[in-house]
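Q: Please take a close look at one helix of this model and at how its residues are placed relative to the rest of the chain. I would like a careful, connected account.

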Amino acid sequence: MRALLVAVLIGLALWRAAVDWQATIGQGYAYRLTPIGQTLEDMAPETYAAVIGAWKATGVPYLWDPIGATLMALPLVRAALAALLWFTRRR
């Protein structure tokens, strides 16, 4: 089951990287990956706004500003999650 989840996450990360490459290569820009926050906002703007609003409204200090904002700015979150799941598996 874990291997399937890893394969799905890696596949999604590679798909997003290919989409980003196609979007930037034709316009003469350097290759840039889209941050996960922008990807989620493009896919479901209402859900994204609700999740981020709830995340910011929690009473836990520093949950949004250094941690949440950093996670939403990372481009390769899917690949990192897949690697984490793969390397922490039972052997």
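The account below turns to helix H1 and then to its surroundings.

A: The model is a predicted one, and the part chosen for a close look is helix H1, which spans residues 2-25. As a setting for that helix, the secondary structure of the chain consists of five helices and zero strands, so that the pattern read along the sequence is α-α-α-α-α. Methionine 1 is placed in the segment before helix H1, and this residue counts as exposed because its relative accessible area is 83%, where the cut-off for exposed is over 50%.

Methionine 1 also takes part in a nonpolar surface patch of about 640 Å², whose other members are Leu4, Val8, Leu12, Trp15 and Val19. Those positions can be read against the geometry of a helix. An α-helix has 3.6 residues a turn, so residues three or four places apart point the same way. In soluble globular proteins, nonpolar side chains tend to be buried together. The patch made by Met1, Leu4, Val8, Leu12, Trp15 and Val19, by contrast, is a nonpolar one on the surface. For the chain as a whole, the accessible surface comes to about 6600 Å², and carbon and sulfur atoms account for 69% of that area.

Two further residues of helix H1 connect it to a remote stretch of the sequence. Isoleucine 10 lies in this helix and counts as partly exposed because its relative accessibility is 34%, a value between the limits of 20% and 50%. Once neighbours within four places in sequence are set aside, isoleucine 10 is in contact with Ala79 and Ala82. The C-alpha atom of isoleucine 10 is also 8.8 Å from that of alanine 80, although the two residues are 70 residues apart in sequence. Leucine 14 is likewise found in helix H1, and with a relative accessibility of 58% this residue counts as exposed. Its C-alpha atom is separated by 8.2 Å from that of alanine 79, a residue 65 residues away along the chain. Alanine 79 therefore appears both among the contacts of isoleucine 10 and in the C-alpha pair with leucine 14. Across the chain, 58% of the contacts with a separation of 6 or more are between residues 24 or more positions apart.

The rest of the chain gives the background to this helix. Of its 91 residues, 21% count as buried. The largest nonpolar core has five residues in all, namely Ile36, Tyr48, Ile52, Trp55 and Met72, and helix H3, residues 45-57, provides the largest share of this core with three residues. Within helix H3, glycine 53 is partly exposed at a relative accessible area of 36%, and alanine 54 is partly exposed at 48%. The C-alpha atom of tryptophan 64 is 9.8 Å from that of glycine 53, eleven residues away along the chain, and 9.8 Å from that of alanine 54, ten residues away.

Ile36, a member of the core, also belongs to helix H2, residues 36-43, where the buried residues are Ile36, Gly37 and Thr39. Seen down the axis of H2, these buried residues fall within an arc of 160 degrees, and they therefore line one face of that helix.

Conventions:
Residues numbered from 1 in each chain as written. Predicted model: local features only at pLDDT ≥ 70, side-chain atom pairs only at ≥ 80, totals over all residues. Heavy atoms only, no water. Helix = DSSP H or I, 4+ residues; strand = E, 2+ residues; numbered from the N terminus. Buried < 20%, exposed > 50% of the residue type's maximum accessible area, 1.4 Å probe, protein only. Contact = heavy atoms within 4.5 Å. Areas by Shrake-Rupley, 256 points an atom, 1.4 Å probe, with all protein chains shown as cover. Patch = residues over 30% accessible without salt bridge, like charges linked within 9 Å, V, L, I, M, F, W, Y side chains within 5 Å. Salt bridge = Lys/Arg side-chain N within 4 Å of Asp/Glu carboxyl O. Core = buried A, V, L, I, M, F, W, Y, C linked by side-chain atoms within 4.5 Å. Arc of directions from axis to C-beta.
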